[in-house]
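Colleague: I am new to this structure and should be grateful for a close look at one single part of it. Please begin with one residue and work outwards until the whole chain is in view.

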Amino acid sequence: MLVVEDELFVAMLVEDLLGDLGCKVVGPAASAREAARAAEGEAFDFALLDVNLGDGQTSFETAEILRRRGVPFAFVTGYGDQGVRPDLRDAPILSKPIDPRQLARVIERLG
């Protein structure tokens, strides 16, 4: 699973949550560039994308790459579905802070 998260502490927390769910984490990618590179070149079966990556960067380009590759993904944001570009709102959206039960349901549904 690819994790895209620009905040180190949050990335570590997400890695722990995913590890508890039996997931192997790729990344985390901390910038839009790193995320796009991983989305194009790494092998994984699911991605968790923080929407806002600091300095005006977003994970939307990564979402487009994943969609073209047929890799399922979910967004993580503190802004609800309004924080996600309208054409990508069909992907699951997890609120921050992440509820581990909600994360497990999304992974089960998309995995």
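**One helix and its surroundings**

Modeller: Leaving out residues up to four places away in sequence, T62 touches A32, A35, A36, A39 and L49, where a contact means heavy atoms within 4.5 Å. The model is a predicted one, in which local features need pLDDT of at least 70 and side-chain atom pairs count only at pLDDT 80 or more, while totals for chains, interfaces and linings use all residues. Residues are numbered from 1 along each chain as its sequence is written, and side-chain values use heavy atoms, with hydrogens and water left out.

The residue T62 belongs to helix α3, which covers residues 60-69. Helices (H or I, at least four residues) and strands (E, at least two) are DSSP runs numbered from the N terminus. T62 has a relative accessible area of 0%, so it is buried; that word stands for under 20% relative accessible area, exposed for over 50%, and partly exposed for values in between, with a 1.4 Å probe and protein chains only.

T62 is one of several buried residues in α3, the others being F60, A63, I65 and L66. An α-helix has 3.6 residues a turn, so residues three or four places apart point the same way. The partners against which the buried residues of α3 pack are helix α2 (32-41), strand β3 (47-50) and strand β4. After α3 comes G70, whose phi is positive, near 80°.

From T62 the path leads to its contact L49, which lies in strand β3. With a relative accessibility of 0%, L49 also counts as buried. Apart from neighbours within four places in sequence, the residues in contact with L49 include T62, A63 and L66, each of them among the buried residues of α3. F73, A74, F75 and V76 touch L49 as well, as do V4 and S59. Although L49 and F60 are eleven residues apart along the chain, their C-alpha atoms are separated by 8.6 Å.

F60 introduces the aromatic side of this region. A search of the whole structure yields two aromatic pairs. Rings of Phe, Tyr and Trp (its six-membered ring) pair if their centres lie within 6.5 Å; planes under 30 degrees apart count as stacked, over 60 as edge-to-face, and the rest as tilted. One pair is F60 with F75: the ring centres are 5.9 Å apart and the planes stand at 75°, so the arrangement is edge-to-face. Because F60 lies in α3 and F75 in strand β4 (residues 73-77), this pair ties together parts that are 15 residues apart in sequence. F60 is buried at 12% relative accessibility, and F75 is buried at 0%. F75 also forms an edge-to-face pair with F73, with 5.4 Å from centre to centre and 80° between the planes. F73 in turn is buried, at 6% relative accessibility. Through these ring pairs F60, F73 and F75 are linked into a cluster.

R69 has a contact of another kind. Its charged end sits over the ring of F44, 5.6 Å from the ring centre; the criterion is that NZ of Lys or CZ of Arg be within 6 Å of the ring centre and within 35 degrees of the ring normal.

In the loop between β3 and α3 lies D55, a residue other than glycine whose phi is nonetheless positive, near 55°. Its relative accessible area is 80%, so D55 is exposed. Elsewhere, two peptide bonds are cis: the bond from G27 to P28 has omega near 5°, and the bond joining K96 and P97 has omega of about -5°. P28 is placed in strand β2 (residues 26-29), whereas P97 is in the loop between β5 (93-95) and α4 (100-110).

The whole chain has four helices and five strands, in the order β-α-β-α-β-α-β-β-α along the sequence. Its radius of gyration is 12 Å, which agrees with the value near 13 Å for a compact globule of 111 residues; the radius is taken over C-alpha atoms, and the globule rule is 2.2 Å times the number of residues to the power 0.38. The C-alpha trace spans about 30 × 30 × 25 Å along its principal axes. Of the 111 residues, 43% are buried. Among contacts with a separation of 6 or more, 57% are between residues 24 or more positions apart.
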